[in-house]
Amino acid sequence: MDILTLFIVIPVITMIGIVFCKDHKQVKWAAAIGMGIQLLMAAYLIIHFLMERNAGNTAEMLFVKDVVWFPSLNIHYLVGVDGISVAMIGLTSIVIFAGVFASWEVEELTKEFFISLILLSSGVFGFFISLDLFTLFLFYELAVIPMYLLIGIWGSGPREYSAMKLTLMLMGGSALIMVGLLGLYFHSNPSGGQLTWSILDISKVHIPVDVQKFFFPFLFVGFGVLGALFPFHTWSPDGHASAPTAVSMLHAGVLMKLGGYGCFRVAVFLLPEAAHELGWIFIILTTISVIYGAFGAVWQKDLKYINAYSSVSHCGMVLFAILMFNKTAMDGAILQMISHGIMTALFFALIGMIYGRTHTRYINEMGGLMKVMPFLGVAYVIGGLASLGLPGFSGFVAEMTIFVGAFQNVDTFHRVATIIGVSSIVVTAVYILRVIGILLLGKIKNEHYEHLTDAKWHERLSTGVLIFGITAIGLAPLWLSEMISGGLGPIIQRLLLAGPVH
Amino acid sequence: MFTYTVWIVLIPFFLFILIGFFGHKFKPLVSGVVGTSGLFASMALSYYTAYQYFFVVGKTGDVFGKIIGYNTVWLKLTEKLHIDLGVLLDPISVMMLIVITTVSFMVHLYSIGYMQGEKGYMRFFSMLSLFSFSMLGLVVATNIFQMYIFWELVGVSSYLLIGFYYTRDTAVAASKKAFIVTRFADLGFLIGILLLSFNTGTFDFLTLTDPNGVAITQGSGIMFLGLSTMTWSMIFIFMGGAGKSAMFPLHIWLPDAMEGPTPVSALIHAATMVVAGVYLVARMFPIFHFSAPVALDVVMCVGAFSSIFAAVIACTQYDIKRVLAYSTMSQIGLMMFALGVSGYGAEEGLGFMASMFHLFTHAFFKALLFLAAGAIIHAVHSNYMNDMGGLRKHLPITHITFLIACLSIAGIPPLAGFFSKDEILAAGHEKSMMLFILGLIISALTAFYMFRLYFSIFWGKQQQYHHTPHEAPKVMTIPLILLALGAVFAGFIPFSSFVTSDGKPFASHIDFAVAIPAVLVGVLGALTAMMFYMKETNIPETISRSLGGFYRAAFRKFYIDEIYLFITKKILFNYVSRPVAWFDRHIVDGSMNGISYVTNEVSTRIKGMQSGQLQQYAWIFVSGAIGLALAFIYLWTL
């Protein structure tokens, strides 16, 4: 079996294994082992991929596997990876691995919880390896649906409302995507003949510009909903606030990246001229996302809300960078997806752990936690510093790459948007330091908190893996950046059709 | 041959990792000793490097060249732009290596005693190492982006150290303020870097600062709002420097930063980090001079104004660390001012040389002042000079070293401060008489507030202390003595033979037309202070009362903090952030909820249609049919 398919098969085997487990402990270990294997495979895939590239294999996609699945509509099971998807797979496997350990204390319906969680992750893996639009959409839905159950059953607060809201808004996005994908399918062969769903084939044809302009908004907004594009982001604060820890981690860490990846791989890559002509609308929206999310976070009092708005800001940066039509900025966009994915998973993990101890998420009710839980405190500070873009962590690498790339556009419109985007680094510092100051530093406000315990082994493992991820990328970013920009080549080629790429 | 210099930077980094991760496994003292000896190694390497650079390699032709000791690509951004990490050696970076490692070593040594028994002893030492690493990385940067990277790291280590006593609310607030204000300044720095690199196509200092290089010869770029692109980018870059160096109006974080432990104030907020802005301007000096003279004028004005502004405030403060903080700001202002009036090329660059010289001597006497202040605070458990007095008998070593530092900073010959300040005044004198007089006023004020401090602490009214104050242990007094030696003798270094704007040495001499007035005003300031504060008198009272509003304004630091608070708390929080949060919940989210509400309503309304009642169906059927028929008839007859 080829290595990419294994990324879907292993979660399935894990799920089957979990079904036969007898108690909580077995379930957890089965999930941990399954996702551990997945993590090792991701590492292997990255190494293998880099070796292939070094050996001079310059094919656009590696490890391609093509099986006809539904001949009458020409649907294939077509998988393959380039540097970008490999990086995304790495991200997913880190986050899901940490997520399993962060949910170590789920007591209620443990079996069902882990099955849904792993089902979700298999959808995500499938999405990142798919090169067939139909299969891609299928995996996309597979990733979104379990979210409803996970929030509705294991969530907290107004969970039915949040689950419903999140699912409905994402379904709305899916409807738009479906329209866009059908549009692509029916224009995938302008000269007549066999229509195709294959991204690689569609990227070779020239779709008429007016058709592009019609379908581009469907695809960009559809994926943008999941990528927290303003003003379609409001599912995110409520959804995150109600979701259980691992679900928030996976959702903000990985699922929101499906949006960015979709915008990039489908909307912009396949409809470059439309992206070039209509890009300005979305540049305005994403610039708003960046600064608006940051200002929104300053005022919040609930830890999860703060992080949700912060995600709006950081994910806005991803879409912003994609629209800059510049290789460096796009490289930065992918880096930002990975960086934000790990970082935000770290935050949500920590928030879950803190909530598990203090039973509140309101920062004003807490204070001085650094003294009672130094490990979690230091981890939170590290996450915060990474989030505000401190050198040595992944956030800095991603943001600087985006800024330098975006600055290559000389016209005033892009310049202004870029400078507004850049200024978010100050606002980010404000809300991050505010939270750190209120939550962790100062005196202990509530005497009950003095007897709280610090992180347990599984919590240390979970946060440790994520911290390792952000520091490793932050200290030695070159290989990752090179791997990604290797995958950008064909995309830039296609964008050149639409106009100059700065 | 200079590859080993990378270890000067890396040793503190490994110390940080080592102490940070494994420090708690051992006794606290181990972290202190390991940290200090590590810094000693770094210092020894720096001295060796300086020896090699100035005396073994020496001049090529008649200039000290720029040598790349080590360089590696860290991140490739575009074809032309790539971020490197490396070591650049030239006169100013070598000088900075000496300053940083020396002061850092002294502070490490001193802290072994000062921090004894504190909780978080090993955290303190690991943070100090982190700071030393970042600061060293900053000064040896081979390109402007490396500088920015370490610039941010320096900022965060300062944040962590100011907030060292993290259970104290004032410390937490001060650390936050320091980080955010400097971060705001760094935004300018970043925009400046983006503009500059876009314009010149490089981050590399060698290319950027070569007077015959493409970056300078290509001209200043297109005009925007009356200034050239190069000018804009240099002004933005200077904004970063002004933030770090606490120049007006970005200085508000520095006095509050005194909440940190005193050794931290000595190292970061007096001798090293706060001069990073001066170093930045010096590093970019050829661009300032050739491509953006307007920006250089901005540097001069900001420096001069900050200097006098801070000097006035320093005369009114009672917290000894805050007096020193404003004094630091004032001295850095002088350094900026000197750069601002400087030209380029050997003798022309007198201001440049003077600025670097003052940076060098200032590091010694200001670190000494802070460390001595630490010993005093240690002894009397108060920061306020009102709680002190007559301490000269109790703390003899501290007293003598403090006096030396005061004499040095007041510019009394033959101490170090005299020589460097004299050069600054001479540079100002060359530019214009006005600037020279301004410099004299600042000198007089400097002497006055320093001796006000000195006399109030060591003379003045004899206080009743709870415990008899006693001299600090040897591990603290030895650094004081060593730094005092520096404060006395550092001025005898023929600085202009080593550090000049273009690397070409020249012979500087003392101009008596400048030196005599300078010394006179210094002595005058000191004598006035002696008159006011040596014995308890009511003269200061009377004067401050007669100054009325001006005194109150100076005492309240000219209300700059209040203005900032108004802008951030009142305007940004209340009128931006809060409405954004409200808008998001009620308008954006409201419309989403609105859609669902409408859907719900519509379905509730129309679900009555499927009631299952035959009569209703029949009625709807008949009225529908009639309605349609009427519509068709109407359309036909049209």
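This report walks through some local features of a predicted model, from one helix and the core to a hairpin and a few unusual backbone spots.

## Helix H1 of chain B

Let's start with H1(B), which covers residues 6–22. Its 17 residues should span 24 Å at 1.5 Å a residue, and the end C-alpha atoms are indeed 24 Å apart, so expectation and model agree. The buried residues of this helix are B:Ile8, B:Val9, B:Ile11, B:Pro12, B:Leu15, B:Phe16 and B:Ile19. Viewed down the axis of H1(B), they fall within an arc of 160°, and therefore line one face of the helix. Their cover includes three helices of chain B: H2 (28–57), H3 (91–114) and H4 (121–139).

B:Val9 is a good residue to zoom in on. It counts as buried because 25 other C-beta atoms lie within 10 Å, where 20 or more are required. Setting aside neighbours within four places in sequence, B:Val9 is in contact with B:Phe133, B:Leu136, B:Gly137 and B:Val140. B:Val9 and B:Phe133 are 124 residues apart in sequence, yet their C-alpha atoms are 5.4 Å apart in space.

## The largest nonpolar core

The largest nonpolar core holds 422 residues. Those with the most contacts inside this core are A:Ala321, B:Val281, B:Ala367, B:Leu368, B:Ala405 and B:Ala487. Helix H16 of chain B (residues 350–380) supplies the largest share, 22 residues.

For a closer look, take B:Val281. Beyond its neighbours within four places in sequence, B:Val281 is in contact with B:Phe238, B:Gly241, B:Phe288, B:Val299, B:Met336 and B:Leu339.

## A hairpin in chain A

In chain A, strands S1 (residues 62–70) and S2 (residues 75–81) pair in the antiparallel sense over six bridges. A:Leu62 has A:Val81 of S2(A) as its bridge partner.

Four residues sit between the two strands of this hairpin, and A:Asn74 takes a positive phi near 60° there. A:Asn74 is not a glycine. It is partly exposed, because it has 19 C-beta neighbours inside 10 Å.

## Other backbone spots worth a look

B:His381 also has a positive phi, of about 55°, although it is not a glycine. You will find B:His381 in the loop between H16 and helix H17 (396–410) of chain B. With 11 other C-beta atoms within 10 Å, B:His381 is exposed.

Two cis peptide bonds round off the tour. One joins A:Phe230 and A:Pro231, with omega about 0°; A:Pro231 lies in the loop between helices H8 (209–226) and H9 (235–242) of chain A. Another runs from B:Phe248 to B:Pro249, with omega near 0°, and B:Pro249 is placed in the loop between helices H9 (229–244) and H10 (253–256) of chain B.

Methods
Residues are numbered from 1 along each chain as its sequence is written. Chains are lettered from A and ligands numbered from 1 in the order in which they are written. This is a predicted model: local features need pLDDT of at least 70, side-chain atom pairs count only at pLDDT 80 or more; totals for chains, interfaces and linings use all residues. The expected span of a helix is 1.5 Å times one less than its number of residues. A residue is buried if 20 or more other C-beta atoms lie within 10 Å of its own, exposed if 12 or fewer, and partly exposed in between; C-beta atoms are placed from the backbone. The arc is that of the directions from the helix axis to the C-beta atoms. Two residues are in contact if their C-beta atoms, placed from the backbone, lie within 7 Å. A nonpolar core is a set of buried Ala, Val, Leu, Ile, Met, Phe, Trp, Tyr and Cys residues joined through C-beta atoms within 7 Å. Two strands pair if DSSP finds at least two bridges between them.
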